[in-house]
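Biologist: I am new to this structure and would be grateful for a close look at a single part of it. Please choose a place in the interior, and lead me from there to its surroundings.

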Amino acid sequence: MSSPPATDAPRRRLVHLESRAGHGDMATVAFGPADRPLDIVFLHANGFNAMTYRQLLAPLARDGLHVMAIDQRGHGLSRLATDPQHHSWLRYADDLVALVHALGNAPRVLSGHSMGGTAILLAAPRLARDGRAPSIVLFDPVLKPATPEAIPFSAAESPLVRGALRRNALFDSREAALESYRGRGAFKTWPEAVIADYLVDGLVARPDGGMTLSCAPAWEAANFVSSYLHNPVDALTRPLADMRILRAAHDSTCRWDEGAAASPWPPHLRVDTVPETTHFLPMEQPEVAREALRAAVEACAIGR
């Protein structure tokens, strides 16, 4: 008799969404006991996908937790329409609200990295109104200063946008892509295993041979252009849910308390800076990130 599959092996599922942004199928990857209610739903950063965070999330299954990571619109294996010319991160918030409704029950914890964290904050007021407000754990979310002063650059002219538009989208194989990314650019602080996980769903086969990025460079660039269009002030200033933010020590995108007339973080938030990390802190310090997720789930369990 064959042994049962390990609970930290990924399980794939397409979830059909009917949202303000239109209908389609969202790809998800789950870890842990399928017969247990969802403990955590995780949202990735711009340009990446659910499998990118396997090294972070799969070990939580060994603690008996049920974790789901999703491919947001335009990323990974999700089948949701994209239009870079008319884009806003509110689309991701719409999709998250639709996902929670499609699943039937909210997870105990919503967690996200970078853009994924901001999408959670944009969705949080609507989830709270629906009585579905989970606890929130965010890793270096994209937040502009709370003050009304302008961001000191034009997003459309930023190096991030230019770099995304120049990105090579075609590779002969996953091995060739891994060799191209290893130790370079955004990936220079990543363990090789995490880059390999990203490439599992970060590349898809081309009909004429070779591989192409599943997140089109134009879509990644559109996310950078629209990154500061909406500041989730409501979710940050009102205690809608228990919330913790882990912020990068270097090159952080979490800038709420910056600026000439900087506003302090609201007192109901717990904000910690993780030493010796960049914006990619979940890849660089996965155990710190996992412990924050464990603590949030445990606090929910005690509260119930």
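Modeller: In what follows, two residues are in contact, or touch, when heavy atoms of theirs lie within 4.5 Å. The model is a predicted one, and I shall begin with Ala58, a residue of helix H1 (residues 54–61). Leaving out residues up to four places away in sequence, Ala58 touches Asp8 and Phe31. Phe31 stands 27 residues from Ala58 in sequence, yet the two C-alpha atoms are 5.9 Å apart in space. The relative accessible area of Ala58 is 3%; because a residue counts as buried under 20%, Ala58 is buried.

Leu57 also touches Phe31, together with Phe42, Val67, Ala69 and Leu293, again not counting residues up to four places away in sequence. This leucine leads to the largest nonpolar core, which has 46 residues; Leu57, Tyr181 and Trp190 are those with the most contacts inside it. Helix H10 (residues 286–303) gives the most to this core, with six residues. Apart from that core lies another, of 43 residues, which includes Leu38, Leu110, Ile136 and Trp219.

From here one may turn to Gln72, in the loop between strand S4 (67–70) and helix H2 (90–103). Although it sits in a loop, Gln72 counts as buried, at 2% relative accessibility. Setting aside neighbours within four places in sequence, its contacts are Leu43, His44, Ser78, Tyr92, Met115, Gly116 and Ala119.

The next element to consider is helix H3 (residues 115–129). Of its 15 residues, 13 are buried, and the helix is thus described as mostly covered. At 1.5 Å a residue, H3 should span 21 Å, and its end C-alpha atoms are 23 Å apart, which agrees. The helix nevertheless bends by about 40° at Ala123, and Pro125 follows within four residues. Both ends deserve a remark. Ser114, in the loop between strand S5 (109–113) and H3, has a phi near 55°, a positive value in a residue other than glycine. Ser114 is buried, with a relative accessible area of 6%. Just after H3, Gly131 takes a positive phi of about 75°.

A positive phi also appears at Glu276, about 60°, although this residue is not a glycine. Glu276 lies in the loop between strand S11 (270–274) and helix H9 (281–284). Whereas Ser114 is buried, Glu276 is exposed, with a relative accessible area of 68%.

Lastly, the wider surroundings include an open sheet of three strands, in the order S7-S9-S8 and with antiparallel pairing. Strands S7 (170–171) and S8 (203–205) stand at its edges; each has a single partner strand, so one side of each is left without a neighbour in the sheet. Strands of a sheet pair through backbone hydrogen bonds. Here, two bridges join S7 to the antiparallel strand S9 (residues 211–213), and Phe171 has Met211 as its bridge partner in S9. Helix H6 (residues 192–202) lies across S8 and S9, at about 40° to S8.

How values were computed. Residues are numbered from 1 along each chain as its sequence is written. This is a predicted model: local features need pLDDT of at least 70, side-chain atom pairs count only at pLDDT 80 or more; totals for chains, interfaces and linings use all residues. Side-chain values use heavy atoms; hydrogens and water are left out. A nonpolar core is a set of buried Ala, Val, Leu, Ile, Met, Phe, Trp, Tyr and Cys residues joined through side-chain atoms within 4.5 Å. Buried means under 20% relative accessible area, exposed over 50%, partly exposed in between (1.4 Å probe, protein chains only). Two strands pair if DSSP finds at least two bridges between them. Axes are lines fitted to C-alpha atoms, for helices over the stretch in contact, and angles run from 0 to 180 degrees between N-to-C directions. The expected span of a helix is 1.5 Å times one less than its number of residues. The bend at a residue is the angle between axes fitted to the seven residues ending there and the seven starting there.
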